[in-house]
Amino acid sequence: MKDILSMLPEEILADFREKGFPAFRAKQVSQWLAKGVSSFDEMKNLPLELRTRLAEEYSLYRPEVLRKQVSAKDGTIKYLWGLSDGNAVETVVMKYRYGNTVCISTQVGCRQGCAFCASTIGGLVRQMEPSEMLNEVLFSQKDSGETISHVVLMGTGEPLDNFDNVMRFLRLLNHPEVFNLSLRHVSLSTCGIIERFDDLAQQDLQLTLAVSLHAPDDETRSRLMPANRGRGVDALMKACRDYTEKTGRRVSFEYAMIDGVNDTLPHAKLLVERARSVGAHVNLIPLNHVEESRYGPSTQGHMKAFIKVLEDSGVNYTVRRRLGGDIDASCGQLRRKFEKSREK
Ligand code: SAH
């Protein structure tokens, strides 16, 4: 059975033509799907016979809310969605002044092994389908009643390690008859799978490429992020410059400040050099502590000194606010707790 939610409206139309279903029905079906119906039976303007046929030809799966947590502090909402095969993924809705941002997962688990990240602890379980990523956005909006204006691919998983499905998801998200979101409002975050940067540039999308740098030198970065081993920061910088040259779009660096690991003044100075060499914007984030990890967030004092180096250098930077701190709203921690409670 074909997964109809992973199909673009024009593909549904082509399929309907092939199967001899009336073409105008394809449009009706796409409209219902975009509304978030959970079965063909809910498509009330279709004849019963067609609805039955469609249910035989296509699968249509919607996630269920396994857990939902709302931050009392800032209204951040965290969902744990149950998928059709019993796996679970998390999605976070954050409220910013410029609009509501949904942070979605792109894989069930992750194989990148970053030392500070909870998403990677159980390894990669499987790739997520385009429909599953779309459902994260659609159902976060539907359940929360909040209009989603921005999407960040910064939940569990490495988007460039699920390239084709992520690209198809982005086309669905952007499609006027599906979610109609401008890709200028989308950030794709990567630990630096540089072999894929060219492929991404060729897609000619308007999105922002966010690179999880977290350390400006190979020694520190390879210790924290296995993805750096055998690639290296120099090669990563070159890949970023090439990307910007090809797309005309500035990349941004994510930098999680980790106590005593990447937060010294020499790190700050080298980070400035790296950012200048690429023309990158720097996003500083205090590390979220993960139960299983020995790393903790930088002290206020270290952060201040680090920020001053950036400030004095004239490099573009922002310090990200911490949202949802009271609800495990980061980096695979809710799913991790759920998996642990299932193991018991
Ligand atoms: N795999 C992609 C996207 C998912 S992670 C990537 O690596 O970019 C999204 C962001 O959260 C990355 O910048 C990641 O390094 C960061 N992150 C992971 N664990 C974190 C933690 N405990 N505290 C702060 N940021 C974390």
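**Entry 1: cavities**

How much space lies in the largest cavity? I started there, and I got about 110 Å³. A reminder to myself before going on: this is a predicted model.

I then asked how many cavities of 30 Å³ or more the structure holds. There are two.

Next I looked up who lines the largest cavity. The lining is made of 14 residues, and Leu5, Leu33, Ala34, Leu134 and Val178 lie nearest the centre. By class I noted 12 nonpolar residues, one polar and one charged.

Which helices each supply at least two residues of that lining? I wrote down helix 1 (9-19), helix 2 (23-35) and helix 4 (130-144). Helix 2 gives the most, with three residues.

Then I checked where the largest cavity sits relative to the domains. Its lining takes residues from both domain 1 (2-59) and domain 2 (64-343), so the cavity lies between the two.

**Entry 2: the second cavity**

The second largest cavity holds about 40 Å³ of space. I listed its lining as Tyr61, Pro63, Trp81, Leu83, Val89, Glu132, Asn135 and Glu136. Five of these count as nonpolar, one as polar and two as charged.

Which helix gives the most here? Helix 4 does, with three residues. I had already met helix 4 in the lining of the largest cavity, where it supplies at least two residues.

**Entry 3: domains**

I went back to the division of the protein, which is into domain 1 (2-59) and domain 2 (64-343). Taken over C-alpha atoms, the centres of the two domains are 34 Å apart. For the contact between them I noted 14 residues from domain 1 and 14 residues from domain 2.

**Entry 4: nonpolar cores**

A general note for this page: in soluble globular proteins, nonpolar side chains tend to be buried together.

Here the largest nonpolar core has 79 residues, and those touching the most other members are Val151, Phe169, Leu170, Leu188, Phe253 and Val282. Helix 5 (residues 163-174) gives the most to this core, with seven residues.

I picked Leu170 for a closer look. What does Leu170 touch, once residues up to four places away in sequence are set aside? My list reads Leu183, Val186, Leu188, Leu205 and Leu207. Leu188 is thus a partner of Leu170, and Leu188 is also among the core residues touching the most other members.

There is also a second, separate core of 18 residues, which includes Ala26, Trp32, Leu33 and Met43. I recognised Leu33 from the largest cavity, where Leu33 is one of the residues nearest the centre.

**Entry 5: Arg51**

Arg51 caught my eye next; I found this arginine in helix 3 (residues 48-57). Is Arg51 buried or exposed? Its relative accessibility is 13%, and the cut-off for buried is under 20%, so Arg51 counts as buried.

I then pulled up the contacts of Arg51, leaving out neighbours within four places in sequence. They are Phe40, Asp41, Met43, Lys44 and Leu46. Met43 is one I had noted in the second core.

**Entry 6: positive phi**

I looked up two residues that have a positive phi although they are not glycines. Asn180 has a phi of about 55°, and His214 has one of about 65°.

Where are they? Asn180 is in the loop between helix 5 and strand 10 (186-190), while His214 is in the loop between strand 11 (208-212) and helix 7 (218-224).

The accessibility values took me in opposite directions. Asn180 has a relative accessible area of 52% and is exposed, whereas His214, at 6% relative accessibility, counts as buried.

**Entry 7: two more charged residues**

Arg67 lies in strand 3 (residues 64-70). At 34% relative accessibility, I filed Arg67 as partly exposed. From Arg67 to Gly36 I noted 31 residues in sequence and 20 Å in space, C-alpha to C-alpha.

Asp198 lies in helix 6 (residues 197-202). This aspartate is partly exposed too, with a relative accessible area of 38%. Asp198 and Val309 are 111 residues apart in sequence, and their C-alpha atoms are 32 Å apart in space.

Key. Residues are numbered from 1 along each chain as its sequence is written. This is a predicted model: local features need pLDDT of at least 70, side-chain atom pairs count only at pLDDT 80 or more; totals for chains, interfaces and linings use all residues. Side-chain values use heavy atoms; hydrogens and water are left out. On a 1 Å grid over the protein atoms alone, a cavity is a set of points where a 1.4 Å probe fits but cannot get out, and a pocket is an open set with protein on both sides within 12 Å along at least five of seven lines; lining residues have an atom within 4 Å of a point. Grid points are joined across faces, edges and corners, and a volume is the space filled by probe spheres set on the points. Helices (H or I, at least four residues) and strands (E, at least two) are DSSP runs, numbered from the N terminus. Ala, Val, Leu, Ile, Met, Phe, Trp, Tyr, Cys and Pro count as nonpolar, Asp, Glu, Lys and Arg as charged, and the others, Gly among them, as polar. Domain bounds come from an automatic or database domain assignment. Buried means under 20% relative accessible area, exposed over 50%, partly exposed in between (1.4 Å probe, protein chains only). A nonpolar core is a set of buried Ala, Val, Leu, Ile, Met, Phe, Trp, Tyr and Cys residues joined through side-chain atoms within 4.5 Å. Contact means heavy atoms within 4.5 Å.
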